[in-house]
Amino acid sequence: MTKPSLPDLLHAAVSAVGGTERPGQVAMAEAVGEAIDDNSHRLIQAGTGTGKSLGYLVPALAHGERVVVATATLALQRQLVERDLPRTVEALHPQLRRRPQFAMLKGRSNYLCLHRLHEGAPQDEEEGLFDQFEAATPTSKLGKDLLRLRDWADETETGDRDDLTPGVSDKAWAQISVSSRECLGATKCAYGAECFAEAARERAKLADVVVTNHALLAIDAIEGAPVLPQHEVLIVDEAHELVSRVTGVATGELTPGQVGRAVKRAAKLVDEKSADSLQTASESFERVMELALPGRLEEIPEDLGYALMALRDAARNVISAIGSTRDKSVHDEDAVRKQALAAVENIHTVAERITNGSEYDVVWYERHDRFGATLRVAPLSVSGLLREKLFEDRSVVLTSATLKLGGDFNGVAASLGLSPEGVEGDDVPVWKGLDVGSPFDYPKQGILYVAKHLATPGREGTRGDMMDELAELIEAAGGRTLGLFSSMRGAKAAAEELRGRLDNPILLQGEETLGELIKAFAADPKTCLFGTLSLWQGVDVPGPSCQLVVMDRIPFPRPDDPLMSARQKSVEEHGGNGFMAVAATHAALLMAQGAGRLVRASGDRGVVAVLDPRLATARYGSFLRATLPDFWYTTDRNQARRSLAAIDAAAQAEGK
């Protein structure tokens, strides 16, 4: 029997989901198929509306070997497992003569732990030894969450936190979940045979397609012990997020509270001498942290260095000593020991990493009004790690609506550890870039308006001219506005100011859950939604409720961001342009994602307004504009207002 052709398979899949085949989707599927066949790598930019998930799922399923798909957002994971994969598998079955299996796999802490649910979480002494369900009063928020979790545990088939609706607080979830370090292991645990996390792993071992997240992909790469099953092909969707997710997983932190909790957990399980030395080291670390000022530590101060060495050595002694003392009053000793060991091992790992002082790490203090100071350490770059761990022994396809920055793929490729396109060498993964475009007619559907007449935004103070401009644009649009701000302070200031000026309801991120805010914004065209980072990427509201997307300023990283400024300085020391490689690239990525909120369907019309004249006047402005969708461009404020008023009038005439 002849092998079914990729175009035929794609046609069957698109028909099954009630979609329309698009040239970009066909081009993408063919490129993914080629990459799989010749074991090579692709970076594919697929604009909104391309149907990129089918563009990679169809060739992946046709291939027949195991494929891992890693995504950044929960929404896309769910869409793949609950909608796209079931329909595609059924649609392809007549031609493939098989039904590929698929499964979702996440980190262990995403699954309910039956041991912790039934035996209780080992608690610190001052909190009281606690059956958490008894101690949390049934009327408190925590108590209600825990009681609901106990009921849910009897019904759920997956134990996956994301299947619980509505969700519960992180505090409640922490009572019934464990990290991989705290887990007893299936063979030692009384509930090992029923374990949800183990069941998810077993399903993944049998599946042809494993859907996971960027964080688990990073853990798999960094920790050496494989978490994901062996696979021939890796597809990274929402690949513009990968570097920041991998950086997050590779970041260590220490706080006095965290160290104090570890001391208490270990105290019952080690001899007095070991416990006292860890307690003393904890106290000296706490004294140093009380005086910590936020910012990067280019060199480790002497007092911090001594405190960290004492912590490292005391933690190492405790790790060796744990288990030599048995306290008969300790309930469920294995779990108590495992949790204590996990906490102390983390302290040892981070303290040792900082005292070793790698030139490839950045160390800094952060300070929070409520939680005090945190000491953090993160890799200066994850490109070497990604080049070494991601692109060996498998074909890798990275895709997103935003991979070309300033007109080419090389900026994103460099962050992934790849050489410029076309460069070949012994240890250089070879890749090709492909931009399959978008089915939308951006010049006809949208306008990019830059408010060139406004004053350049400074670091501090309110921008009166910007507020006036924003109010006029919202009035012209009749509401229908998504306001994307570079800081929460800016979003709050604008919401407070305009609530006093306009009749339109203005929703503010943080005043309700993101899901509820987006639902309310989509339901009422007169409503505006203001917010910061997660709104730049997380809003999908097609139709007339979102016809004006406003960016208050170019979202450069803050000059005092320790990691970004260290990366910028490193590029400059190696002869590159640090501002363009780090700050401008960061801003371009966010702006492209933000502008992508406007046109989500073929009938959408609207304006992206950037209230920062530098996009029109600065030398880097052309680089940033080249990253945005190809909207019709203007700096004429009257033209922008007339267009918004016309779009509003047309929507009202249609009763929207």
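Two strands are taken to pair if DSSP finds at least two bridges between them. In this predicted model, strand β6 (residues 252–254) meets that criterion with β9, since the two pair in the antiparallel sense over three bridges.

## The strands around β9

Within the pairing of β6 and β9, Gly-252 stands opposite Val-377 in β9. Strand β9 also pairs with β8 (residues 361–368), to which it is joined by eight bridges, and these two strands likewise run antiparallel. In this second pairing Tyr-365 stands opposite Leu-375 of β9, and the connection between β8 and β9 is a hairpin with three residues between the strands. Six of the eight residues of β9 (residues 372–379) are buried, so the strand is largely enclosed by the rest of the structure.

## Aromatic contacts

A pair of aromatic rings is described by the distance of the centres and the angle of the planes. The model holds seven aromatic pairs, among them the two set out below.

| Pair | Centre to centre | Angle between planes | Class |
|---|---|---|---|
| Tyr-442 and Phe-631 | 5.4 Å | 90 degrees | edge-to-face |
| Phe-485 and Phe-530 | 5.2 Å | 50 degrees | tilted |

What does the pair of Tyr-442 and Phe-631 tie together? Tyr-442 lies in helix α18 (residues 442–445), whereas Phe-631 lies in the loop between α26 (621–627) and β18 (632–634), so the contact ties together parts that are 189 residues apart in sequence. Both Tyr-442 and Phe-631 are buried, and ring pairs link these two residues with Phe-440 into a cluster.

The pair of Phe-485 and Phe-530 also links distant parts of the chain, with Phe-485 in the loop between β13 (481–484) and α20 (488–501) and Phe-530 in strand β15 (residues 528–531), 45 residues apart. With a relative accessibility of 2%, Phe-485 counts as buried, and Phe-530, at 0% relative accessibility, counts as buried too.

A further contact of a ring involves a charge: the charged end of Arg-625 sits over the ring of Tyr-633, 5.0 Å from the centre of that ring.

## Cysteines and the cavity

A disulfide is a covalent bond between the sulfur atoms of two cysteines. The count of disulfides in this model is zero. Why is the sulfur of Cys-183 not bonded to that of Cys-195? The sulfur of Cys-195 is the closest cysteine sulfur to that of Cys-183, yet the two are 6.1 Å apart, which is too far for a bond; the cut-off applied to such a pair of sulfur atoms is 2.5 Å. For Cys-189 the closest cysteine sulfur is in Cys-113, and here the separation of 6.0 Å is again too far for a bond. Cys-183 counts as buried because its relative accessibility is 15%, where the limit for that class is under 20%.

Several of these cysteines reappear around an enclosed space. The model has one cavity of 30 Å³ or more, and the largest cavity has a volume of about 260 Å³. Of the 24 residues that line the largest cavity, the closest to its centre are Cys-113, His-115, Val-178, Cys-183 and Cys-189. The elements that give two or more residues to this lining are α5 (114–119) and α9 (196–206).

Methods:
Residues are numbered from 1 along each chain as its sequence is written. This is a predicted model: local features need pLDDT of at least 70, side-chain atom pairs count only at pLDDT 80 or more; totals for chains, interfaces and linings use all residues. Side-chain values use heavy atoms; hydrogens and water are left out. Rings of Phe, Tyr and Trp (its six-membered ring) pair if their centres lie within 6.5 Å; planes under 30 degrees apart count as stacked, over 60 as edge-to-face and the rest as tilted. Helices (H or I, at least four residues) and strands (E, at least two) are DSSP runs, numbered from the N terminus. Buried means under 20% relative accessible area, exposed over 50%, partly exposed in between (1.4 Å probe, protein chains only). A charge sits over a ring if NZ of Lys or CZ of Arg is within 6 Å of the ring centre and within 35 degrees of the ring normal. On a 1 Å grid over the protein atoms alone, a cavity is a set of points where a 1.4 Å probe fits but cannot get out, and a pocket is an open set with protein on both sides within 12 Å along at least five of seven lines; lining residues have an atom within 4 Å of a point. Grid points are joined across faces, edges and corners, and a volume is the space filled by probe spheres set on the points.
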